[in-house]
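Okay, let's get going. I'd like to walk you through one structure, from the middle outwards, and finish with some backbone oddities.

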Amino acid sequence: MDVALEPTWKAALSPIFQSDTFLKLTQFVKQEYQEHRVFPPGKQIFSAFWHCPLPEVKVVILGQDPYHGEGQANGLAFSVAAGVPFPPSLLNIFKELKTDLGIPLPAHGDLSAWASQGVFLVNATLTVRSNLAGSHQNQGWEAFTDEVIRTISRERSQVVFLLWGAYAQKKEELIDAEKHFILKAPHPSPLAAHRGFWGCKHFSKTNEYLIASGQTPIVW
């Protein structure tokens, strides 16, 4: 695995690349890509970082795993390439956007326009084997992405963290709540969205906070 990371991220995260955990992870991922069908495509593993350099991070949306279906994962959490049908969680995100801000369902599910505005869309695990959800968990990705969250908390200020679901909410302990704005809701998956994701108004609340703190709101 070539860690071709965007320069601001590479500088901030450089110590972790020398760790035994990351070196073992690198070997595991290389072998998986050689022997199995793995998503996202190798060049897109670190797409979230390239789309959203560290100094530009204003909002963090944390996913758990990349999509494991053919052609879905593109390196941005919850996002799919144009032309790919909306996965259920993404459809529910768009439904909440419509309820919250009146934004109609978009023509595609590519969220790179969000990322280019400072929305860091990162999964806790950055790779997955085809049709095997969770297959690359507990191999070292979580240690890496936990350090990413700590780095954002330490290096940035007044960032909005959207923690959807119990898994993402466990990461709250990595965030300095006095410097940042944390919003929590159930996961947007069909199994949980009705428990409070719908109606959470996280998109309008995010923009209200950004405006109040002198930042440009997100065009969702």
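One bit of vocabulary before anything else: when I say helix, I mean a DSSP run of H or I that is at least four residues long, and helices are numbered from the N terminus. Also, keep in mind that this is a predicted model.

With that in hand, take helix 4, residues 88–101. Right after helix 4 comes Gly102, and its phi is positive, near 75°. The helix itself has 14 residues and reaches 20 Å from first C-alpha to last, close to the 20 Å you'd expect at 1.5 Å a residue. Quite a few of its residues are buried, among them Leu90, Ile93, Phe94 and Leu97. And what do the buried residues of helix 4 pack against? That would be helix 5, which is 112–115, plus strand 5 and helix 8.

Let me zoom in on Ile93, which sits in helix 4. Its relative accessibility is 1%, so Ile93 counts as buried. Leaving out residues up to four places away in sequence, Ile93 touches Phe78, Trp114, Trp164, Pro188, Phe197 and Phe203. There's a long-range approach here too: Ile93 and Ala193 are 100 residues apart along the chain, and their C-alpha atoms are separated by 9.1 Å.

Now, strand 5, one of the elements helix 4 packs against. Strand 5 covers residues 160–164, and five of the five are buried, so the strand is largely enclosed by the rest of the structure. Both faces are covered: Val160, Leu162 and Trp164 are buried on one side, Phe161 and Leu163 on the other.

Who are the neighbours in the sheet? Strand 2, residues 59–63, pairs with strand 5 in the parallel sense over three bridges. Strand 6, residues 181–185, also runs parallel to strand 5, and five bridges join those two. If you want one residue to click on, pick Leu162: it is the bridge partner of Ile61, and Leu162 also stands opposite Leu183 in strand 6.

On to the nonpolar core. In soluble globular proteins, nonpolar side chains tend to be buried together. Here the largest nonpolar core has 66 residues, and the members that touch the most others are Trp9, Phe49, Trp114, Phe120, Phe144 and Ile152. Phe144 makes a nice example. Not counting residues up to four places away in sequence, Phe144 touches Leu13, Ile16, Phe17, Phe22, Phe46, Phe49 and Leu126.

Phe144 is one of the buried residues of helix 6, along with others including Trp141, Val148, Ile149 and Ile152. Helix 6 runs over residues 141–155, so 15 residues, and reaches 21 Å end to end by C-alpha, close to the 21 Å expected at 1.5 Å a residue.

You'll have noticed the aromatics. How many aromatic pairs turn up in a search of the whole structure? The search finds 19. Take Phe17 and Phe22: they form an edge-to-face pair, 5.1 Å centre to centre with 65° between the planes. Both of those residues are buried. Then there's Phe203 with Trp220, where the ring centres are 4.9 Å apart and the planes are at 75°, so that pair is edge-to-face as well. This second pair links distant parts of the chain, with Phe203 in helix 8 and Trp220 in the segment after helix 8, 17 residues apart. Again, Phe203 and Trp220 are buried. Ring pairs also link Trp9, Phe17, Phe22, Phe46, Phe49, Phe120, Trp141 and Phe144 into a cluster.

A quick word on cysteines. The disulfide count comes to zero. Cys52 is buried at 0% relative accessibility, and Cys200 is buried at 8%.

Last up, the backbone oddities. Most residues other than glycine have a negative phi, and most peptide bonds are trans. So where are the exceptions worth a look? Phe39 and Pro40 are joined by a cis peptide bond, with omega about -5°, and Pro40 is in the loop between strand 1 and helix 3. Asn138 has a positive phi, near 60°. Asn138 sits in the loop between strand 4 and helix 6, and is exposed, with a relative accessible area of 70%. Gln158 also has a positive phi, near 55°. You'll find Gln158 in the loop between helix 6 and strand 5, where it is partly exposed at 33%.

That's my tour, so over to you for comments.

Notes: Residues numbered from 1 in each chain as written. Predicted model: local features only at pLDDT ≥ 70, side-chain atom pairs only at ≥ 80, totals over all residues. Heavy atoms only, no water. Core = buried A, V, L, I, M, F, W, Y, C linked by side-chain atoms within 4.5 Å. Buried < 20%, exposed > 50% of the residue type's maximum accessible area, 1.4 Å probe, protein only. Contact = heavy atoms within 4.5 Å. Pairing = 2+ DSSP bridges. Phe/Tyr/Trp six-rings, centres within 6.5 Å; stacked < 30°, edge-to-face > 60°. Disulfide = S-S within 2.5 Å.
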